[in-house]
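Trainee: I'm new to this one, could you walk me through it?
Mentor: Gladly, let's look at it together and take one topic at a time.
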Amino acid sequence: MTNDQRPSEESLESALERAVGILADAGVPSPRVDAHLLAAHVLGEPVGRVKTLALLGAGAPAGYFELVAERAQRVPLQHITGTAYFRRVELSVGPGAFIPRPETESVAQLAIDHSLTLTRPKVVDLGTGSGAIAAAIADEVPDADVYAVEYSPLAHAWAERNLSGRGVRLILGDLRDALDDADGTFDVVVSNPPYIPSAAVPREPEVADHDPHIALYGGGRDGLELPLAAAQSAARLLVPGGYFVMEHAEVQAQSIAALLASDPRWSTVQSHQDLTGRDRSTSAVRSQYANSGAPVKE
């Protein structure tokens, strides 16, 4: 029997093992996890319940292998289920929005930790995508006044759905010039801008074929155009002593830290590692330098 031939009245336990094989053969990085998550989605049960049902001899749910086949084509799991999880929040995701990554949770953590030291902090997420970071901050810092800016109308639509009811002010605009009527009023600026260099094609089909290019490529050979634009906007938006943190590629950490450290508008520049030990983000504190319009040095 081949992997794509389904026996009649197949058990859930057998179906799970067969699905793992199909996904592994397709090169899916986490075949067992994905097989169980897809089963949970079809069954409408928590993923922890799937193993119990398999042990109890439950049958395979109808439609399960259609979703397995879709995942084997390297369609992102989150696009199949329509759901992504980021810290404590559940997000709706689909084509047109960048799928939030676990490493970005550490960036959100830095913004949350600083916000929690303040009273009613005013926070903005530049380039919010699906709204993940803004939603997490609103969830974990309840007294924060949270803003989110997104340029892509498609991603903005997903963010609107995910931020509805959270008290976040969502703006359709460019991170380079958004909120120009609120300069010098924010306590925290956080950003996960596009930062992949123009010639660097992502290896994973889930990213290369399904994440929107507008959310991936940072501009220029080094991918730093939009990250530096986010830093420029942060310098404009922050109060003196305000906190800025931005995600970037590991290979960009040294360049970004050096550029910020050479700009008199910034002090206390620090690189931060994600859970895999990679230099994933850089933070800085807005100094007392008076000319908020001065460009970041390149």
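Trainee: What is the handedness of the crossing of H2 and H4?
Mentor: In this predicted model, helices H2 and H4 cross in a right-handed way.

Trainee: And at what angle do they pack, and how far apart are their axes?
Mentor: Helix H2, residues 31–43, packs against helix H4, residues 64–72, at an angle of about 140 degrees, and their axes lie 10 Å apart. Angles over 145 degrees would count as roughly antiparallel, so H2 is described as oblique to H4.

Trainee: Which residues make the contact?
Mentor: H2 contributes Asp 34, Ala 35, Leu 38, Ala 39, His 41 and Val 42, while H4 contributes Tyr 64, Leu 67, Val 68 and Arg 71. Sorted by character, the residues of this contact of H2 with H4 are seven nonpolar, one polar and two charged.

Trainee: Switching to the sheet, what is the strand order?
Mentor: It is an open sheet of seven strands with mixed pairing, running S5-S4-S3-S6-S7-S9-S8. Strand S5 (169–172) and strand S8 (266–273) are at the edges with a single partner strand each, so one side of each has no neighbour in the sheet. On average, and ignoring direction, neighbouring strands of this sheet are turned by 15 degrees against each other.

Trainee: How do S6 and S7 pair, parallel or antiparallel?
Mentor: Strand S6, residues 186–191, pairs with strand S7, residues 238–247, in the parallel sense over five bridges, and Val 190 has Val 245 in S7 as its bridge partner.

Trainee: Which strands does helix H8 touch?
Mentor: Helix H8, residues 153–163, packs on the sheet and touches strand S4 (145–150) and S5, with its direction making about 170 degrees with that of S5.

Methods: Residues are numbered from 1 along each chain as its sequence is written. This is a predicted model: local features need pLDDT of at least 70, side-chain atom pairs count only at pLDDT 80 or more; totals for chains, interfaces and linings use all residues. Side-chain values use heavy atoms; hydrogens and water are left out. Axes are lines fitted to C-alpha atoms, for helices over the stretch in contact, and angles run from 0 to 180 degrees between N-to-C directions. Helices (H or I, at least four residues) and strands (E, at least two) are DSSP runs, numbered from the N terminus. Angles under 35 degrees count as roughly parallel, over 145 as roughly antiparallel, 65 to 115 as roughly perpendicular and the rest as oblique. A crossing is left-handed if the near helix is turned anticlockwise from the far one by less than a right angle, and right-handed if clockwise. Contact means heavy atoms within 4.5 Å. Ala, Val, Leu, Ile, Met, Phe, Trp, Tyr, Cys and Pro count as nonpolar, Asp, Glu, Lys and Arg as charged, and the others, Gly among them, as polar. Two strands pair if DSSP finds at least two bridges between them.
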